[in-house]
Amino acid sequence: MRKKFQALLTKWDKSIKSLWSFIILFSFSSSTFASEPKPWQMDLQEPSGIIAEKATDLHNFLLVVITLISVFVLGLLIYVCIKFREKPGVKPSKTSHNTIIEIIWTVVPVLILVVIAVPSFKLLYLTEADKPVDMVVKVSGAQWYWNYEYPDEDLSFDSYIIAEEDLKDNQKRMLDVDNPLVVPEGTRIKFLITGNDVMHSFFVPSLALQVYSIAGRINEIWTEVPLGKKKYYGQCNQICGVNHAYMPIVIQALPKDEYEQWLKEAKVKFANKIKSSPNKLAFLEKKEVREIK
Ligand SMILES: [Cu+2]
């Protein structure tokens, strides 16, 4: 009996180890080249850059706090349900006030909120900090595509989703685009975000970017793209019309020399495209793009 149990334990240990190595291998191999949502993902995407890392830390800290509070409240509920349940021959308590308990349940939540507020405000100030940046990119949301403008390079182009039937083997359905926003690796970037028509939202979770794109005003945010050739996937996350689901975002980080090469080619490729074209409409039901004269 004991031997059988030990054999079972060893088998169990082995399968757990192989499962772990699979998970580690899988997450390493897929996270090396891309930050993207994964099937059955339970947690946040792997953070990239200082803001995303701090936001993930805050999220994990809050998760502990809310779990402790929920368990405590659940415990209290179970306790009162059992202790004060209806029983024959027992007179129910008529207590309606208890000054000490009332002070405790007012002061303790205030203290908890203060403890949460400190790291929360710190992070908020960091995201708003006016840090020196390496480059600026202007992002315009439109129905239903993104326009990226590099003001220092006099470069501007549109970025459309790749239709399902045109996807290549290594491209992701509903996430990959024809012209990604290419940036050099290890760069601090300021994004100026505006809109052409209705409200959109520029959302790249792994870089902790989530900013409304609103016509007539410019919102700004900065992020640090870490070292490493990598794709960061995002989507518009403000319901903006019938093709809202079809305007993904791809930020492609490249080594400096590859970025310079891309810049040279892009200046030729998008030479006649100086500013974003609000007249351009994407008819994604028909999978075609048409210019309206
Ligand atoms: Cu949108």
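**Close-up views of a predicted model**

**View 1. The hairpin of strand 3 and strand 4.** Strand 3 (residues 145-150) and strand 4 run antiparallel and are joined by five bridges, in a model that is predicted throughout. Within this ladder Glu149 has Ser156 of strand 4 as its bridge partner. The two strands, strand 3 and strand 4, form a hairpin with four residues between them, and in the turn Asp154 adopts a positive phi of about 60°.

**View 2. The open sheet of five strands.** The strand order in this open sheet is 4-3-2-6-9, and the pairing is mixed. Strand 4 (155-159) and strand 9 (219-225) occupy the edges, where each has a single partner strand, so one side of each remains without a neighbour in the sheet. On average, and with direction ignored, neighbouring strands of this sheet are turned by 25° against each other. Strands of a sheet pair through backbone hydrogen bonds, in either a parallel or an antiparallel manner.

**View 3. The pairing of strand 6 with strand 9.** Strand 6 (residues 187-195) pairs with strand 9 in the antiparallel sense, and this pairing extends over seven bridges. Ile193 is found opposite Asn219, a residue of strand 9.

**View 4. The packing of helix 2 against helix 3.** Two packed helices are described by the angle between their axes and by the distance between those axes. For helix 2 (residues 50-83) and helix 3 (residues 99-128), the packing angle is about 170° and the axes are 10 Å apart. Because angles over 145 degrees count as roughly antiparallel, helix 2 and helix 3 are therefore described as roughly antiparallel to each other. On the side of helix 2, the contact involves Ile51, Lys54, Ala55, Leu58, Phe61, Leu62 and Val65, which meet Ile112, Ile116, Pro119, Ser120, Leu123, Leu126 and Thr127 in helix 3. By class, the residues of this contact of helix 2 with helix 3 comprise eleven nonpolar, two polar and one charged.

**View 5. Length and burial of helix 2.** From its first C-alpha to its last, helix 2, with its 34 residues, reaches 49 Å, which is close to the 50 Å expected at 1.5 Å a residue. The number of buried residues among the 34 of helix 2 is two, so this helix lies largely in the open.

**View 6. Length and burial of helix 4.** Helix 4 (residues 256-269) has 14 residues, which at 1.5 Å a residue should span 20 Å, and the end C-alpha atoms of the helix are indeed 20 Å apart, in agreement with that expectation. Helix 4 is hardly covered, since the count of buried residues among its 14 residues is zero.

Conventions. Residues numbered from 1 in each chain as written. Predicted model: local features only at pLDDT ≥ 70, side-chain atom pairs only at ≥ 80, totals over all residues. Pairing = 2+ DSSP bridges. Axes fitted to C-alpha atoms, helices over the stretch in contact; angles between N-to-C directions. Parallel < 35°, antiparallel > 145°, perpendicular 65-115°, else oblique. Contact = placed C-beta atoms within 7 Å. Nonpolar A, V, L, I, M, F, W, Y, C, P; charged D, E, K, R; others polar. Expected span 1.5 Å × (residues − 1). Buried ≥ 20, exposed ≤ 12 C-beta atoms within 10 Å, placed from the backbone.
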